[in-house]
Amino acid sequence: MAIIKPNNNTLSSITALPAAISTGKVLQVVQGTTGTQVEGSFSSETDLGLSVNITPTSSSNKILITSGLGGCGTRDTGTYWFLRLKKGTADTAIAAFYIGNQLSSGMETYPNLNYLDSSAGSTSQITYKLVGLRNSGTANCYFCHSGGANQPISTLTAIEIEA
């Protein structure tokens, strides 16, 4: 088998990618967490107490939002709700994630969301947060449902990616 030597270098001597590949680098990662249970009717948008602040280094960079959410559900098979991801001071919903189709009363889901904000649009601090809103039914909805000693922790992570 032949040994390939890029630019006449051995693989052990290559320490970096060529300068022409300058996009897609992760510039910073910040995370917000909560272990606080929120339960209610969610008949209007309800702040879930989970947010993250990030200050982009360039307005053209992308922000990848990811989450790990614990204990989302309802106490009734006929009640369904949404998680809405909101951005900035304008409090604009940029994505929605459905929590529903509960198979039995009290069944919980542990959803994850991933959303790529294709342009930070600012070099000022941006806040991303989750709110809940009931879509149908009348039972209470719950977020980060208490599991006694096994209280779930929910996370919301913002990752700045160089454009």
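In what order do the four strands of the open sheet that contains β1 and β12 follow one another? In this predicted model, the order is β1-β12-β4-β9, and the pairing is antiparallel. The edges of this sheet are formed by β1, which covers residues 26-34, and by β9, each of which pairs on one side only. Averaged over neighbouring strands and with direction ignored, the strands of this sheet are turned by 15 degrees against each other.

The pairings within this sheet can be followed strand by strand. Between β1 and β12, which run antiparallel, there are eight bridges, and Gln28 has Glu160 in β12 as its bridge partner. Strand β12, residues 154-161, is also joined to strand β4, residues 62-68, by seven bridges, again with the two strands running antiparallel. Glu160 appears in this second pairing as well, since Ile63 stands opposite Glu160 in β12. On the way to the other edge, β4 pairs with strand β9, residues 114-117, in the antiparallel sense over four bridges, and here Ile65 is found opposite Tyr115 in β9. As a general point, side chains in a regular strand alternate between the two faces of the sheet.

A further open sheet of four strands has the order β3-β10-β6-β7, likewise with antiparallel pairing. Its edge strands are β3 and β7, the latter spanning residues 92-99, and each of them pairs on one side only. Neighbouring strands of this sheet are turned against each other by 25 degrees on average when direction is ignored. Strand β3 is joined by six bridges to strand β10, residues 126-136, the two running antiparallel, and Ile126 in β10 is the bridge partner of Ile54.

Charged side chains were examined next. In general, side chains of opposite charge can pair when their charged atoms come close. A search of the whole structure yields three salt bridges. In one of them, the side chains of Glu45 and Arg84 meet at 2.7 Å, N to O. Because Glu45 lies in the loop between β2 (38-40) and β3 (46-54), whereas Arg84 belongs to strand β6 (residues 80-87), this contact ties together parts that are 39 residues apart in sequence. Glu45 is partly exposed, with a relative accessible area of 34%, and Arg84 also counts as partly exposed, at 26% relative accessibility.

The side chain of Glu45 also meets that of Lys86 in a salt bridge, at 2.6 Å, N to O. This pair links distant parts of the chain, with Glu45 in the loop between β2 and β3 and Lys86 in strand β6, 41 residues apart. Lys86 counts as buried, with a relative accessibility of 6%. The remaining salt bridge is formed by the side chains of Asp117 and Lys87, at 2.8 Å, N to O. Asp117 lies in strand β9 and Lys87 in strand β6, so this pair ties together parts that are 30 residues apart in sequence. Both Asp117 and Lys87 are buried. Taken as a set, the salt bridges that share partners join Glu45, Arg84 and Lys86 into one network.

The aromatic side chains give a simpler picture. The structure holds one aromatic pair, in which the ring centres of Phe42 and Trp81 are 4.9 Å apart and the ring planes stand at 75 degrees, so that the pair is classed as edge-to-face; the cut-off behind this assignment is an angle over 60 degrees between the planes. This pair, too, links distant parts of the chain, Phe42 being in the loop between β2 and β3 and Trp81 in strand β6, 39 residues apart. Phe42 counts as buried, at 2% relative accessibility, and Trp81 counts as buried as well, at 0%.

These contacts can be placed relative to the two sheets. The loop between β2 and β3 holds Glu45 as well as Phe42, and strand β6 supplies Arg84, Lys86 and Trp81 as their respective partners. Strand β6 belongs to the sheet with the order β3-β10-β6-β7, whereas β9 is an edge strand of the sheet that also contains β1. The salt bridge of Asp117 in β9 with Lys87 in β6 therefore connects a strand of one sheet with a strand of the other.

Conventions:
Residues numbered from 1 in each chain as written. Predicted model: local features only at pLDDT ≥ 70, side-chain atom pairs only at ≥ 80, totals over all residues. Heavy atoms only, no water. Pairing = 2+ DSSP bridges. Salt bridge = Lys/Arg side-chain N within 4 Å of Asp/Glu carboxyl O. Buried < 20%, exposed > 50% of the residue type's maximum accessible area, 1.4 Å probe, protein only. Axes fitted to C-alpha atoms, helices over the stretch in contact; angles between N-to-C directions. Phe/Tyr/Trp six-rings, centres within 6.5 Å; stacked < 30°, edge-to-face > 60°.
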